[in-house]
Amino acid sequence: MKWTIKQGTETDIQDIAQFQVDMAAESEGTVLDLATVIKGVTLAVADEAKGRYVLAVAEDGKVAGSLMLTREWSDWHAAWYWWIQSVYVRPEYRRQGAYRAMYQYVRELAKQNDIACLRLYVDRENERAQKTYQAQGMHESHYLLYEEEFV
């Protein structure tokens with residue numbers, strides 16, 4: 001399938017927010033409040049410092065998937081790292097190259113912007129996603145992820 005890759009805008013907020021609700025339910029069994037997610041996506045779309053979205057649009061014109069980019073400053077390398085977050089592809093479009101097209105777009109954009117590293121995190125149980133990321137040239141980091149939630 002041929003994909004059109006574009007940056008997310010105000011007109012994409014509903015699709016992006018629904019993707020996040022669906023992804024949380026599918027991957028973690030977590031129920032997110034759609035109104036809160038819409039607020040979060042809206043704030044990110046309005047302020048690139050919070051993140052920016054990349055979307056894959058199918059030949060039929062339907063938004064098939066999205067990912068969000070956030071950035072982290074590396075004092076070790078005096079350069080930015082980009083984190084790929086909130087990856088979701090509608091089930092009917094999976095295994096058809098939507099993520100690959102988004103990743104290649106992000107990869108080229110990162111090179112053009114002198115980004116030092118692309119990173120993402122994935123659930124340890126999500127082997128299918130891990131294989132997808134490996135197929136794009138990513139490798140498992142030696143870091144573990146720790147967190148303390150306040151929400």
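Colleague: Which residue stands opposite Trp-83 in β5?
Modeller: Arg-119 does. Keep in mind that this is a predicted model. The strand pairing behind that match is parallel, with four bridges joining β4 to β5.

Colleague: What makes β4 and β5 a pair of strands?
Modeller: Two strands pair if there are at least two bridges between them. β4 and β5 have four, so they count as paired. One of the matches puts Ile-84 with Leu-120 as its bridge partner in β5.

Colleague: How do the side chains along β5 alternate?
Modeller: Leu-118 and Leu-120 point to one face and are buried. Cys-117 and Arg-119 point to the other face and are not buried. In a regular strand, side chains alternate between the two faces of the sheet.

Colleague: Which strands stand at the edges, and why are they edges?
Modeller: The order is β1-β2-β3-β4-β5, in an open sheet with mixed pairing. β1 and β5 each have a single partner strand, so one side of each is left without a neighbour in the sheet. Neighbouring strands are turned by 30° against each other on average, direction ignored.

Colleague: In which sense do β1 and β2 pair?
Modeller: Antiparallel, over four bridges. Thr-4 has Val-57 of β2 as its bridge partner.

Colleague: How many bridges join β3 to β4?
Modeller: Nine, and these strands run antiparallel. They form a hairpin with four residues between them. Ala-78 in the turn has a positive phi of about 50°. Within the pairing, Arg-71 stands opposite Trp-82 in β4.

Colleague: Why is β4 called mostly covered?
Modeller: Eight of its 11 residues are buried. Buried means under 20% relative accessible area.

Colleague: Why does Trp-80 not count as buried?
Modeller: Its relative accessible area is 29%. Buried needs under 20% and exposed needs over 50%, so Trp-80 is partly exposed. Trp-73, at 46%, is also partly exposed.

Colleague: What makes Trp-73 and Trp-80 an aromatic pair, and of which kind?
Modeller: Their centres are 5.1 Å apart, and the limit is 6.5 Å. The planes stand at 75°. Over 60 degrees counts as edge-to-face, so that is the name for this pair.

Colleague: What makes Arg-71 a charge over the ring of Trp-80?
Modeller: Arg-71 lies over the face of that ring, at 3.9 Å from the ring centre. The distance cut-off is 6 Å, so this value passes.

Colleague: How many aromatic pairs does the structure hold?
Modeller: Six. One of them is Trp-3 with Tyr-93, at 5.9 Å centre to centre and 75° between the planes. That pair is edge-to-face too. Trp-3 lies in the segment before β1, and Tyr-93 in the loop between β4 and α3, so the pair ties together parts that are 90 residues apart in sequence. Both residues are buried. Elsewhere, ring pairs link Tyr-99, Tyr-103 and Tyr-133 into a cluster.

Colleague: Which residues have the most contacts inside the largest nonpolar core?
Modeller: Trp-3, Leu-67, Trp-82, Ile-84, Tyr-99, Met-102 and Val-106. The core has 26 residues. β2, β3, β4, α3, β5 and α4 each supply at least two of them. α3 gives the most, with seven.

Colleague: Where does α3 lie?
Modeller: Across β1, β2, β3, β4 and β5. It runs at about 165° to β4.

Colleague: What is Leu-67 in contact with, leaving aside its neighbours within four places in sequence?
Modeller: Among its contacts are Val-54, Ile-84, Val-87, Tyr-99, Met-102 and Val-106. A second, separate core has 15 residues, including Phe-19, Val-21, Val-45 and Met-68.

Colleague: Why is Gln-7 called partly exposed?
Modeller: Its relative accessibility is 27%. That falls between the 20% and 50% limits, so the label holds. Gln-7 is found in strand β1. Beyond its sequence neighbours within four places, it is in contact with Asp-12, Arg-52, Tyr-53, Leu-55, Tyr-105 and Leu-109. The C-alpha atoms of Gln-7 and Val-45 are separated by 9.5 Å, and these residues are 38 apart along the chain.

Key
Residues are numbered from 1 along each chain as its sequence is written. This is a predicted model: local features need pLDDT of at least 70, side-chain atom pairs count only at pLDDT 80 or more; totals for chains, interfaces and linings use all residues. Side-chain values use heavy atoms; hydrogens and water are left out. Rings of Phe, Tyr and Trp (its six-membered ring) pair if their centres lie within 6.5 Å; planes under 30 degrees apart count as stacked, over 60 as edge-to-face and the rest as tilted. Helices (H or I, at least four residues) and strands (E, at least two) are DSSP runs, numbered from the N terminus. Buried means under 20% relative accessible area, exposed over 50%, partly exposed in between (1.4 Å probe, protein chains only). A charge sits over a ring if NZ of Lys or CZ of Arg is within 6 Å of the ring centre and within 35 degrees of the ring normal. A nonpolar core is a set of buried Ala, Val, Leu, Ile, Met, Phe, Trp, Tyr and Cys residues joined through side-chain atoms within 4.5 Å. Contact means heavy atoms within 4.5 Å. Axes are lines fitted to C-alpha atoms, for helices over the stretch in contact, and angles run from 0 to 180 degrees between N-to-C directions.
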